[in-house]
Every structure is written in C-alpha cells, then in structure tokens.
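I opened the file to look up the surface, the cores and the backbone angles. My entries follow in the order of the look-ups.

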Amino acid sequence: MSLNRTAPVVAIGGLALALLATSPAVAQSGADFYKGKTVTYIVATSPGGGYDLYGRLIAEYMQKYLPGSTFVVKNIPGAGHLIGTNTIYASKPDGLTIGTFNTGLIYNQLIQAEGVKFDLTKMSWIGKASSEPRVFVIGQQSPIKSFADLQAQKTPVNFATSGIGSANYVEINVLTNTLKLPIKVLTGYNGNDDQLAIRRGEITGGMGSRSSFEPFVKNGYGRFIAQIGGKEKDVPQLKDVVKGATAQQLIALIQAQGDIARLTAGPPGIPKDQLEALRGAYKKALQDPELQAKTDKLERPVDPAFGDQVLAQVKAALNQKPESIAVLKAALENKEPPAAAGAASAGIKGKIADLQDDNRKITFKLDDGKTIEAGVSASRTEITVAGQKSDRKGLKVGMTCTIDAPSGGCESKTISCS
C-alpha cells in the first residue's frame with residue numbers, strides 16, 4: 001500500500017518541478033529571460049552619425065553577451081531626440097526596449113521644456129559609453145581660422161544643428177546668445193547631414209562632439225577653432241578665450257554634459273533581474289576587445305560607466321542652482337542670434353547673375369551693382385516662381401528675385417522670382 005501511495009506523490013512532485021522550471025519568474029529571470037527574445041534598441045536620431053554608430057555597436061555586442069537574444073536597432077528621429085526618448089520612456093518595462101539619446105535632454109528637463117514627457121532620474125540606467133568634449137568646427141573653405149575670427153564676422157554665418165532639444169541645438173544657442181556670436185542657427189541636420197552641408201558650402205560650421213567631427217577634420221574638410229572639455233592640447237579651450245562669469249558658468253555646465261555621453265537606458269520599472277542582465281551584457285560589450293578595436297579604428301572614444309554610477313551622474317547634472325537654470329532658460333528663450341553690425345536687411349531684390357553646382361549656389365546682382373551669394377537647399381529653401389511653388393531647378397539666370405538677405409554664402413530661407 002505504501003508503494004501505491006508514494007507513486008502519485010512522486011508524479012505530482014515531478015509535475016510541480018516541471019511547472020517550476022517553466023515559470024517565468026524562475027527560469028526566465030536574468031539572462032535566461034532573453035533566450036528567444038527580441039530586444040528593440042531605439043536610436044533617437046537618423047541613421048548615420050555618432051549616436052547611430054555607437055548604438056549599433058552596442059546592440060551588436062550586447063546580443064553577443066545575451067545568448068539566444070536578437071537585438072534590432074530602430075531609428076526614431078525627431079525634435080532633437082525628444083520623440084525617440086519619449087518612446088523609450090513610455091515603452092513597456094519588460095526589459096525588451098532600451099535605447100540611446102543625447103545629453104541635451106538634460107538641459108530640456110532642467111528648463112521644463114515643452115515636449116518633455118520623461119524624468120531622466122526615473123529611467124532604468126544601463127550605462128554610458130563615452131565622454132565627449134564639444135568642439136566648434138568650421139568648413140575648410142571658410143576664411144574663419146580661429147574663434148576670434150568667428151567673433152569678428154560682420155554678418156551672421158550659418159551653423160547647422162539637428163533639432164530643437166538636441167545637445168548641439170541647446171549648446172550653440174546658449175553660447176551664441178550669451179557670447180553675442182554672429183551665428184544663424186539652422187535646424188534639421190540629422191546624422192552626418194551637417195558635415196555634408198559644410199562640404200557643399202551651404203553651411204559654414206557647427207558644434208558637436210569631437211569624435212563625430214574628428215574624421216571630417218582629418219580628411220581636410222574642416223578645422224576645429226575651440227573646444228569644451230577633453231584633454232587634447234591641439235585646440236584652444238573655449239573657457240580660455242572668452243570672458244564673463246555667465247559664460248564660464250554655461251561652459252562648465254556644457255562640459256558636465258559631455259562627461260556623460262552615448263547613454264543607454266530603458267523605461268522606468270524594468271524588473272531587477274532583467275536590468276542586471278542588461279547591465280552585465282552592456283559592461284561585457286564595452287569591455288570586449290573586438291568592440292574596442294573597432295572604435296579605435298573609427299577613432300571613437302570608449303570611456304564607460306555602468307548602472308547606478310550613470311544614474312548618479314545624471315542626478316548630479318540635473319542638480320543645478322536656480323541661477324544656472326535661469327541663465328540657461330534665458331539664453332534659450334532668445335533663440336534668434338543678434339544681427340551683426342552691417343548685416344543686410346530682409347527682402348533684398350536683384351537679378352540672378354550666376355548659378356553653380358546644380359543651382360545649389362546662386363549669385364544675385366543688385367541694382368547698385370553689388371552682388372550677394374547664397375546657398376539653396378532642396379528641402380529648406382522655399383522657392384516660388386511667378387507665384388507658383390518651385391524648386392531650385394526652376395531658377396534661371398536673368399530672373400528678378402527677392403531673397404531673405406543671406407550673408408557670405410549662407411543658405412537662403414526664401415527666394416521669390418518673377
């Protein structure tokens with residue numbers, strides 16, 4: 001009888017063990033959870049450029065260290081990384097959606113900017129891949145050779161940024177308005193669009209991470225004229241070439257953001273086991289000799305930090321004095337750079353005297369015999385001919401047009417021809 005009573009117990013015990021083995025809370029905790037799962041890694045900008053490069057490398061090597069997982073990179077650009085970051089923040093906290101975005105969002109949270117639907121202190125922090133000094137870069141064809149040359153320009157020059165909310169948008173606007181720089185800030189240049197625009201001559205320069213612009217400069221397409229942070233000695237530090245307590249305060253804030261670059265995080269509330277598995281895979285990925293060899297070849301720095309260490313850095317960056325936040329907000333609210341002495345007024349009328357580079361460069365002859373050169377963008381310049389919407393191919397030598405007073409080859413926003 002005892003055998004008959006014991007057999008069902010063994011069978012039930014075996015069933016219980018089988019059920020326990022398949023319980024998500026046990027068998028699918030930690031790294032085991034990711035076997036057979038797809039992780040979406042969101043890059044909050046367009047393909048191409050530094051964020052996309054780091055994001056794809058990190059996703060590739062995190063997959064390596066989470067056996068059985070599949071990482072899929074998804075680019076969600078827009079509004080200076082706001083759209084992609086809001087998407088990450090609002091995603092289901094199951095450990096299957098993480099991503100990267102820029103530190104410019106720290107500025108946006110500080111001033112409580114419109115469109116911010118996240119709290120960076122509540123995100124599930126996985127790590128940061130690098131520290132990134134910021135640089136001012138100027139196209140090689142420009143006569144501007146130094147920061148002093150930039151300050152001395154009599155008419156504003158075009159600088160490219162990605163979008164409102166991005167780090168380079170915030171930083172260039174803050175510095176332009178605080179230092180009274182003769183810069184006209186243009187948005188919409190995602191990925192490496194800014195570098196291509198500089199090469200075409202429609203943009204004079206830009207600002208961003210040194211690693212993003214390093215190959216561009218080494219290939220002879222541009223030059224660095226100032227830097228914020230970093231240990232390099234080949235470019236003047238901006239803090240050493242400008243004066244004023246407010247300027248120095250903002251430069252220090254920008255440098256603090258550069259110390260936490262190429263971030264990776266997920267939405268709030270990722271379960272502890274999954275988060276630790278992601279952090280572990282991230283750490284192994286950044287320490288992988290093969291990944292480091294690739295970043296060395298690409299001249300991209302790796303200076304990682306992990307988990308709660310990054311959270312602490314983010315909290316410290318957000319812990320600013322009210323005076324600092326007020327200075328930042330005031331600088332950003334004055335979005336249009338001041339008109340430089342001698343700048344032309346809007347609505348200049350003249351005839352098209354010359355067209356070059358498939359109508360990307362245009363020369364206007366004014367009534368007084370002077371000429372004005374302008375850049376023409378296929379996507380950003382609004383063109384009308386005889387009252388009808390047109391494109392740059394519709395421009396012809398001899399047409400009488402009204403333009404919005406570009407300066408020194410800068411890109412025109414509007415061209416209206418009869």
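Accessible areas here come from the Shrake-Rupley method with a 1.4 Å probe. The model is a predicted one.

Entry, surface. I looked up the exposed area of the chain and got about 19100 Å², of which carbon and sulfur atoms supply 53%. I then checked burial: 50% of the 418 residues count as buried.

Entry, fold. I counted the secondary structure and noted 14 helices and 18 strands in the chain. For contacts with a separation of 6 or more, I found that 75% are between residues 24 or more positions apart.

Entry, cores. I looked up the largest nonpolar core, which has 54 residues. Phe 101, Trp 125, Phe 136 and Phe 147 touch the most other members. Helix α6, residues 167–179, gives the most to this core, with 6 residues. Apart from this core I noted another, of 26 residues; Phe 33, Val 39, Ile 126 and Leu 275 are among its members.

Entry, backbone. I searched for positive phi outside glycine. Lys 180 has phi near 55° and sits in the loop between α6 and β7 (183–186). Is Lys 180 buried or exposed? Its relative accessibility is 55%, and the cut-off for exposed is over 50%, so Lys 180 counts as exposed.

Arg 262 also came up, with phi near 55°. Arg 262 is in strand β10, residues 261–266. Buried or exposed, I asked of Arg 262. The relative accessible area of Arg 262 is 3%, under the 20% limit, so I logged this residue as buried.

Key:
Residues are numbered from 1 along each chain as its sequence is written. This is a predicted model: local features need pLDDT of at least 70, side-chain atom pairs count only at pLDDT 80 or more; totals for chains, interfaces and linings use all residues. Side-chain values use heavy atoms; hydrogens and water are left out. A nonpolar core is a set of buried Ala, Val, Leu, Ile, Met, Phe, Trp, Tyr and Cys residues joined through side-chain atoms within 4.5 Å. Buried means under 20% relative accessible area, exposed over 50%, partly exposed in between (1.4 Å probe, protein chains only). Helices (H or I, at least four residues) and strands (E, at least two) are DSSP runs, numbered from the N terminus. Contact means heavy atoms within 4.5 Å.
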